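Open your viewer and get your selection tool ready. We will walk through this model one stop at a time.

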Amino acid sequence: MNIIILGAPGAGKGTLSDALVKELGIPKISTGDMLRKEVKDCTPLGLKAKEIMARGALVSDQIINELLRNRVKQNDCKKGFMLDGFPRTINQAEELFKITEELGYKIDLVIDLVVSEELIVKRLTNRRVCRKCGGNFNLFSSHSKKPGICDFCGGELYQRADDNEATIRNRLQVYAKDTQPLINYYAKKGLLTELAADNGVLEMVKAFKKIVMEQKIK
Ligand code: ADP
Ligand code: ZN
């Protein structure tokens, strides 16, 4: 099964896809995680992306499309894949169509995570991420057992550079302008299903399974 998970920053794309990796046994492809790794490793791409990400703007389609193409080509995607944070523009969606067509894949389902803006800001300002394994925690809803320490691997939790209020506001504007049009784009293709994302991860996974069953997606 090849899935796209859409939704505003903070809607829970990372949280849902992490949970689904375990359920479905297919890889999650997060362009945000890939970019953060490039930044951490100080690669030429990372050096370029760092400032763009800190502002909450989008990295150029050309760079992201190339990154995505190389990732989807890898062998582990043959059993299916989940896209988190890609596509984010119509150009990226059209490129994705080309890439999947070339590889003989098709997108089976696009999930749109729906959540109020108020909850988004609350989630993002309280988000903490593990430096080592990327695990997601939240100070107000799903905090780690020991403060500042990852439950999964014992790594140190930190606040992402773009999870401050000014950048969050900018990310939400960018989302409304560049990414929201994808909802209509995929609805027209008959691929879009909305999923309420204001509850916990267990509810989201349950709702996801129901969608997959109802639509008979393999
Ligand atoms: P969120 O969905 O919470 O905003 P992500 O981890 O998906 O976070 O993305 C963080 C940042 O990485 C974005 O604000 C943007 O600068 C960059 N980025 C990630 N994915 C893309 C993409 N598909 N196209 C352009 N920029 C991207
Ligand atoms: Zn960890």
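The tour below starts at the ligand, moves on to helix packing, and ends with some single residues.

Before you click, note that this is a predicted model, in which local features need pLDDT of at least 70, side-chain atom pairs count only at pLDDT 80 or more, and totals for chains, interfaces and linings use all residues. Residues are numbered from 1 along each chain as its sequence is written, chains are lettered from A and ligands numbered from 1 in the order in which they are written, and side-chain values use heavy atoms, leaving out hydrogens and water.

**Stop 1: the ligand**

Select ligand 1 and show what surrounds it. Of its 19 surrounding residues, Thr31, Arg36, Ala57, Gln92 and Arg171 come nearest; a residue is near if one of its heavy atoms lies within 4 Å. Helix 2 (residues 31-40) gives the largest share of this shell, four residues. Helices here are DSSP runs (H or I, at least four residues) and strands are too (E, at least two), numbered from the N terminus. The shell holds eight nonpolar, four polar and seven charged residues. In this scheme Ala, Val, Leu, Ile, Met, Phe, Trp, Tyr, Cys and Pro are nonpolar, Asp, Glu, Lys and Arg charged, and the others, Gly among them, polar.

Which side chains bring a polar atom to an oxygen atom of ligand 1? Arginine 36 has a side-chain N or O atom 2.9 Å from an oxygen atom of the ligand, and arginine 88 has a polar side-chain atom 3.1 Å from an oxygen atom of it. Glutamine 92 places a polar side-chain atom 2.9 Å from a nitrogen atom of ligand 1. The protein covers 97% of the 550 Å² of accessible area that ligand 1 has on its own, by the Shrake-Rupley method with a 1.4 Å probe.

**Stop 2: helix 8 and its partners**

Now colour helix 8 (residues 181-188) and helix 5 (residues 90-103), which pack at an angle of about 35° with their axes 9 Å apart. Axes are lines fitted to C-alpha atoms over the stretch in contact, and angles run from 0 to 180 degrees between N-to-C directions. Ile90, Ala93, Glu94 and Leu96 of helix 5 meet Pro181, Leu182, Tyr185 and Tyr186 of helix 8, where contact means heavy atoms within 4.5 Å. That contact has seven nonpolar, no polar and one charged residues.

Next, add helix 7 (residues 165-179), whose axis comes within 5 Å of that of helix 8 and crosses it at roughly 35°. Here Tyr175, Ala176, Lys177, Asp178 and Thr179 meet Pro181, Leu182 and Ile183.

**Stop 3: single residues**

Is leucine 195 buried or exposed? Leucine 195 counts as buried because its relative accessibility is 2%; buried means under 20% relative accessible area, exposed over 50%, and partly exposed in between (1.4 Å probe, protein chains only). Find leucine 195 in strand 8 (residues 192-196); its contacts include Ile111, Met204 and Phe208.

Cysteine 77, in the loop between helix 4 (61-72) and strand 3 (81-84), is buried because its relative accessibility is 0%. Among the residues that cysteine 77 touches are Pro27 and Tyr105.

Finally, check the backbone. The peptide bond from phenylalanine 86 to proline 87 is cis, with omega near -5°. Cysteine 42 has a positive phi of about 55° although it is not a glycine, and cysteine 42 counts as exposed because its relative accessibility is 52%.

Terms used: A polar contact is a pair of N or O atoms within 3.5 Å; within protein, one must be able to donate a hydrogen and the other to accept it, and residues adjacent in sequence count only if both atoms are side-chain atoms. Lists of a residue's contacts leave out its neighbours within four places in sequence.
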